[in-house]
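Work through the exercises below with the structure open beside you, and try each task before reading its solution.

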Amino acid sequence: MPRPSQLIHPQREPAPVRPAATVLLLRDSPQGVEVLMTRRSLTASFAPGAYVFPGGGIDAADAQAHGQATRRPTQSDLHLTQAIAAIRENFEELGVLLAVRPDGTPATAKDVAALDRKAPFLPQAAARGLWLAAADVFVLAHWITDRDLPRRFDVPFLVARMPEGQTPVADEAEQFEPVWVRPADALARHKEGHFFIIFPTIRTLERLLQYANVEAVLADCARTDEPLWTSCPRAGLLAGHEARYMEHEQPYGELELVCPDGQMLHALDWQSEAPVALLKNVQRLTAPNAGFMTGPGTNSYLVGDPDTGYVAVDPGPADAEHLERLWRAAGGQIKAIVCTHSHPDHSPGAKPLQAMCADPKPPILGLPSAPTARAASEFTPDRLLQDNELVALYSSRPGHEITHTLRAVHTPGHAANHLCLVLEEDGLLFSGDHILNGSTTVVDPPDGDMTAYLDSLDRLAHLCAGKDLRFILPAHGYVLGDAAGQIAQLKAHRLAREAKILAAMQARPEGSMDDWVALAYDDVPERVWPLAKRSMLAHVERLRALQ
């Protein structure tokens, strides 16, 4: 993990979370699944005026009422307590009763009318012999309120079928205007500005779009009896406005690195004019070479500080303005230039950047391009970086101690001369093109080799465990968090694609590459197939070598 001394923003303690429970009451309609939503009071302390799924806090009495509720064999104590809380809140706020009579039949509107919504619910239910229908309440998701907000909750989003014959009636205190709405309509109305909903509600409604009926939702939840997803979102600024993201979305890891305690201060807009501070000792400048292959552009990094000077990682193309900005961001104090590999969007800027620096000129470090490299990827460093070699930056203060250390890690695969760098003191992995954010890298033979690529992933996974590497800084895209998880997911994706390629080869043993790519990459747009064929060839060569 990064040293606290290198964090840009002062550390703070996010507000504590409070346990709560929310339930999505669902029903089928001719147009598809509908969900019950209500409007919160305009004076509410959390999300005033927002349309929400009903729910509220979990009381101590909810955990003591297990003996009053039906229960699935796979339903944990925690989920049972949450279901009881949701049933209670639904009755208090909307007069909807998820319960079973002593004879086993569902509670009706008459049972609702016989209860006092302003009196304690659980004793009333017990007195009438009602069993709370917790076995019919399933966990859909688990949301933890964003760290930047002053009021935070730990909330399961539960789902249940709306009881037949009952009509929701808002308490006109906490909840108003109950409305049945299709998820697609709620999202459309929100986009038009007529139906205010907050981020977790938006993402939950988006997930519901995939279900044809209520039974499909409940069946999906019942498979494991655990949340289908868990998320504590993070917020940044995009075009000057608040933007929130879940863990699987591209900006999440960068927000976690720059604002670990949830400060909503980091701008996510891609631009090439100014450096972006990720830590006090790490800056990113993105070259103005955005495109299909480069995404938002090639990321150049400066590691170091004014006291130690800087190592420039991947100076990028020979773009004079980009190199000028890189040099100025380092105050001209560049001590070394490292190229992760020789591709034309990474290494050509090294020589002109070196020429801009005062004597003694910083050495250009890396691995020379192999004979298999294309002509545009020819590269010869001033000095070869040995595997596991350290590039150290020393403080100018008395003692002259090492302050920042980059370890070279040879990772062939994307290119024969590819290497990654580990910032030892802060647990950061500069991955070059070996790992990208938003796409998978191309492994293009003969310079690219799929077996070497997968072996290099294994090596990086081992480093993550041994050196507690948490973040990956790729040459294209935002910072990635959960480094070990990202690497495992990337390898699984590659092997799954390889399995599809093998199946295509077996289905069409006399087929051409065009035949195989149409089968193996049927889940990507056809316009991507010419590029996909390059990596597919690497898989084909690997499969044939394994025979």
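The exercises that follow concern a predicted model, and each one is a task with a solution in steps.

**Exercise 1. Decide whether leucine 94 is buried or exposed, and find which residues it touches.**

Solution. Begin by locating the residue: leucine 94 belongs to helix 2, which covers residues 77–94. Next, take its relative accessible area, which is 0%. Buried means under 20% relative accessible area, so leucine 94 is buried. Then look for its contacts, leaving aside residues up to four places away in sequence; among them are Leu36, Thr38, Pro54, Arg117 and Pro178. Finally, consider proline 178 again, which is 84 residues apart from leucine 94 in sequence, while the two C-alpha atoms are 8.0 Å apart in space.

**Exercise 2. Carry out the corresponding steps for isoleucine 487: is it buried or exposed, and what does it touch?**

Solution. Isoleucine 487 is placed in helix 12, residues 483–507. Its relative accessibility is 2%, and isoleucine 487 therefore counts as buried. When residues up to four places away in sequence are not counted, isoleucine 487 touches Ile435, Leu457, Leu460, Ala461, Cys464 and Ile472. Glycine 262, by way of another distance to check, is 225 residues apart from isoleucine 487 in sequence and 25 Å apart from it in space, taken from C-alpha to C-alpha.

**Exercise 3. Find which residues of helix 13 are buried, and where they lie around the helix.**

Solution. In helix 13, which runs over residues 513–520, the buried residues are Trp516, Val517 and Ala520. Looking down the axis of helix 13, one finds these buried residues within an arc of 100°, so they line one face of the helix. A general rule helps here: an α-helix has 3.6 residues a turn, so residues three or four places apart point the same way. The last step is to ask what covers the buried residues of helix 13, and the cover includes helix 12 and helix 14 (529–546).

**Exercise 4. Describe how helix 14 is oriented to helix 13 and to helix 12, and which classes of residue make each contact.**

Solution. Take helix 13 and helix 14 to begin with: their axes come within 10 Å and cross at roughly 100°. Angles of 65 to 115 degrees count as roughly perpendicular, and helix 13 and helix 14 are therefore roughly perpendicular to each other. The contact is made by residues including Trp516 and Val517 of helix 13 and Trp529, Met536 and Val540 of helix 14. Sorted by class, this contact of helix 13 with helix 14 has nine nonpolar, no polar and three charged residues.

Now turn to helix 12 and helix 14, whose axes come within 10 Å and cross at roughly 75°. Helix 12 and helix 14 are therefore roughly perpendicular to each other. Among the residues that meet are Arg494, Leu495 and Glu498 in helix 12 and Ser535, Met536 and His539 in helix 14. The contact of helix 12 with helix 14 divides into seven nonpolar, two polar and four charged residues.

**Exercise 5. Work out the order of the strands in the open sheet, and which strands are at its edges.**

Solution. The open sheet is formed by seven strands in the order 13-14-15-16-17-18-19, with mixed pairing. Strand 13 (276–279) and strand 19 (383–384) are the edge strands, since each pairs on one side only. Within the sheet, strand 14 (residues 282–286) and strand 15 (residues 299–305) pair in the antiparallel sense over five bridges, and leucine 285 has serine 300 in strand 15 as its bridge partner.

Notes
Residues are numbered from 1 along each chain as its sequence is written. This is a predicted model: local features need pLDDT of at least 70, side-chain atom pairs count only at pLDDT 80 or more; totals for chains, interfaces and linings use all residues. Side-chain values use heavy atoms; hydrogens and water are left out. Helices (H or I, at least four residues) and strands (E, at least two) are DSSP runs, numbered from the N terminus. Buried means under 20% relative accessible area, exposed over 50%, partly exposed in between (1.4 Å probe, protein chains only). Contact means heavy atoms within 4.5 Å. The arc is that of the directions from the helix axis to the C-beta atoms. Axes are lines fitted to C-alpha atoms, for helices over the stretch in contact, and angles run from 0 to 180 degrees between N-to-C directions. Angles under 35 degrees count as roughly parallel, over 145 as roughly antiparallel, 65 to 115 as roughly perpendicular and the rest as oblique. Ala, Val, Leu, Ile, Met, Phe, Trp, Tyr, Cys and Pro count as nonpolar, Asp, Glu, Lys and Arg as charged, and the others, Gly among them, as polar. Two strands pair if DSSP finds at least two bridges between them.
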